[in-house]
Amino acid sequence: MIETQDKQLILGAGFVGLGMAQALKAANIPYDQVDASDDIGGNWHHGVYETAHIISSKTVTEFTHFPMPADYPPFPSARQLHAYLHSFADHFELKAAIELQRCVTHIHPIENNRWQVTFQNGETRIYKGVVLCNGHHWCKRFPDFKGTFTGPILHSKDYHRPSQLQGKRVLVIGGGNSACDIAAEAARVSEKAFLSLRDSVWFIPKSFAGVAVADLAQIWMPEWFQRLITHGIIRLAFGTHASYGLPQPQHRLFEKHPTLNNEVPYYLRHGRITPKPEVDYLEGDRVHFVDGSVETVDLIVCATGFHLAYPFLPPALQRVNGAMVECYGGAFLPDYKGLAFVGWGQARGGVGSLIAAYGPLFARLLQLQDQIAVPLGLVFKQIGTPLPTTHLSDPQQVFRQLYLLRWGWPWLEHRAKGIDRRIGAFANQPLLELGAIALNADPRANALR
Ligand SMILES: Cc1cc2nc3c(=O)[nH]c(=O)nc-3n(C[C@H](O)[C@H](O)[C@H](O)COP(=O)(O)OP(=O)(O)OC[C@H]3O[C@@H](n4cnc5c(N)ncnc54)[C@H](O)[C@@H]3O)c2cc1C
């Protein structure tokens, strides 16, 4: 029986955590896995509305080595995704290592390069390393409204089913995928639906000429070429923004996480959604917009995104800068070993194909870390890998980088050992300061309240 101090702890059993668990298991790396929720699957169990369907296609969202069932449609539902993740965990026999309803409240580095993990029930354990797969869709971000509103203001995370919108005058704020899904549902069931956009959005159709648009990108395509094709598709499918009463977006396509949605343009043309600019201020049940228009509404839904947060870490290790983690090689700190931040980035494609490509390399990196004293993050820094400049990425570029890393593995290993010899002894600095768990965490997601 291996003590936990020689194991990795995978925090989270969502899509990413399960993919990492399978990769570690395949590489014979001992690990435990915990999740605060009462079931595996993360967002696809507890974090999306009942009517959600994936936005990326089945082909790019499934783990490449474990395809979704053939009878799944190109855009499966949340329930189907949850069932798929269960079958993935069953197939690779991952469930025995997963402890549910195990909320991690604190993680901090202690002596001997180990990590002390504290759970909500007060239990503590020592691990060799922690792989953070806690997701980035749980710490709600709200706009800073001026004035007061007398009706309810919901975050998209608290929107579960269309009955919440039924018969109401609903204002949805935001231009992302959740905002557009909720606005389309409001268009069907509410008395009136408004969609407030600070900046106009490039609506990309989910499928074009019967093909999922997410499936069109290929590994050889540079981003400019993907942008060109997508512009062509948008133009053919929807025409111009002016024909929907929308201003032209102020950003280039792909500079923001793309909005794949056919329904909002459709309902705009049917008058079931009224486009609005940014909210100026709230006054009772009235919303004033920056163009001077005023609407009376019963419910505001803020689909305004999430903060990236690791509240269980000591402040000194919460290296979050906006939507990015300041880490090297996608996951590693330069001054601490044994802590990995996985799954915080937002690639345009689907999560499964990326994690399937990254997982085995990540496992090799953990094995490499065992052979050297210096942190892997320092190795990546010393060989010239830059800190991330954006949380968004082109999945095709990620696939190319991972391919290069696989191909150049002997070189990386050689450099890592050279850097290790040059720097010599290294030890994590123990930190006594503890993190403070965020209060707006989703209670179903991590049982923090
Ligand atoms: C509406 C919506 C639509 C989406 N559509 C797509 C799509 O089409 N394609 C796509 O690829 N992605 C989509 N996503 C993104 C989605 O988040 C990913 O598919 C995937 O769920 C990310 O997996 P994850 O494991 O990183 O995070 P999560 O699924 O959030 O899992 C994280 C897990 O960590 C656990 N956890 C968190 N904190 C703690 C703690 N302190 N202690 C213990 N456990 C903890 C949580 O309980 C959770 O189970 C969508 C997201 C939303 C909200």
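A trainee and a mentor talk through a predicted model, from its domains down to single residues.

Trainee: Into which domains is the chain divided?
Mentor: Keep in mind that this is a predicted model. One domain is built from two segments, 8-138 and 307-423, and carries the name domain 1. The other part, 142-304, is domain 2.

Trainee: How many Å separate the centres of domain 1 and domain 2?
Mentor: Take the centres over C-alpha atoms. The separation of domain 1 and domain 2 is then 30 Å.

Trainee: How many residues of each domain are in contact with the other?
Mentor: Count each side in turn. Domain 1 gives 21 residues to the contact. On the side of domain 2, the count is 21 residues.

Trainee: Which element gives the most to the side of domain 1 that touches domain 2?
Mentor: Two elements give two or more residues to that side: helix H3 (58-61) and helix H10 (395-407). The top contribution is 4 residues. That contribution comes from H10.

Trainee: How many residues on that side of domain 1 are nonpolar, polar and charged?
Mentor: Sort the side of domain 1 that touches domain 2 by class. The split is 8 nonpolar, 9 polar and 4 charged residues.

Trainee: What is the radius of gyration of the chain, and what does the globule rule give?
Mentor: The chain holds 12 helices and 27 strands. For 449 residues the globule rule gives 22 Å, and the chain comes close to that, so it is as compact as a globular protein of that length. Along the principal axes, its C-alpha atoms fill a box of roughly 65 × 50 × 40 Å. The radius of gyration is 23 Å, against 22 Å from the rule.

Trainee: What share of the contacts with a separation of 6 or more joins residues 24 or more positions apart?
Mentor: Burial first: 43% of the 449 residues count as buried. Now take the contacts with a separation of 6 or more. Residues 24 or more positions apart account for 74% of them.

Trainee: Which strands are at the edges of the open sheet of 5 strands?
Mentor: The order is E10-E21-E11-E12-E17, with parallel pairing. Neighbouring strands are turned by 25° against each other on average, direction ignored. An edge strand here pairs on one side only. That gives strand E10 (153-155) and strand E17 (274-276).

Trainee: Which residue of E21 is the bridge partner of Leu-154?
Mentor: E10 and strand E21 (residues 299-302) run parallel and are joined by 3 bridges. The partner of Leu-154 in E21 is Val-301.

Trainee: At what angle does helix H5 run to E11?
Mentor: H5 covers residues 177-189. This helix lies across strand E11 (169-173), strand E12 (192-196) and E21. Its angle to E11 is about 165°.

Trainee: Is Val-287 buried or exposed, and which residues does it touch?
Mentor: Val-287 is found in strand E19 (residues 286-289). A residue with 20 or more C-beta neighbours inside 10 Å is buried; Val-287 has 26, so it counts as buried. Leaving out residues up to four places away in sequence, Val-287 touches Leu-171, Val-279, Leu-282, Val-294, Glu-295 and Val-297.

Trainee: How far apart in space are Val-287 and Ala-214?
Mentor: In sequence, Val-287 and Ala-214 are 73 residues apart. In space, C-alpha to C-alpha, the distance is 36 Å.

Trainee: Why is one side of E4 and of E6 left without a neighbour in the sheet?
Mentor: The open sheet of 3 strands runs E4-E5-E6, with antiparallel pairing. Strand E4 (104-110) and strand E6 (124-127) stand at its edges. One side of each is left free because each has a single partner strand.

Trainee: Which residue of E6 stands opposite Val-117?
Mentor: Strand E5 (residues 114-119) and E6 are antiparallel, paired over 4 bridges. Opposite Val-117 in E6 stands Arg-125.

Trainee: Where is Glu-93, and is it buried or exposed?
Mentor: Glu-93 is not a glycine, yet its phi is positive, about 50°. Its place is the loop between helix H4 (78-91) and strand E3 (98-99). With 10 other C-beta atoms within 10 Å, Glu-93 is exposed.

Trainee: How does Gln-101 count, by its C-beta neighbours?
Mentor: Gln-101 has a positive phi near 50°. It is in the loop between E3 and E4. Its 14 C-beta neighbours inside 10 Å make Gln-101 partly exposed.

Methods: Residues are numbered from 1 along each chain as its sequence is written. This is a predicted model: local features need pLDDT of at least 70, side-chain atom pairs count only at pLDDT 80 or more; totals for chains, interfaces and linings use all residues. Domain bounds come from an automatic or database domain assignment. Two residues are in contact if their C-beta atoms, placed from the backbone, lie within 7 Å. Ala, Val, Leu, Ile, Met, Phe, Trp, Tyr, Cys and Pro count as nonpolar, Asp, Glu, Lys and Arg as charged, and the others, Gly among them, as polar. The radius of gyration is taken over C-alpha atoms; the globule rule is 2.2 Å times the number of residues to the power 0.38. A residue is buried if 20 or more other C-beta atoms lie within 10 Å of its own, exposed if 12 or fewer, and partly exposed in between; C-beta atoms are placed from the backbone. Two strands pair if DSSP finds at least two bridges between them. Axes are lines fitted to C-alpha atoms, for helices over the stretch in contact, and angles run from 0 to 180 degrees between N-to-C directions.
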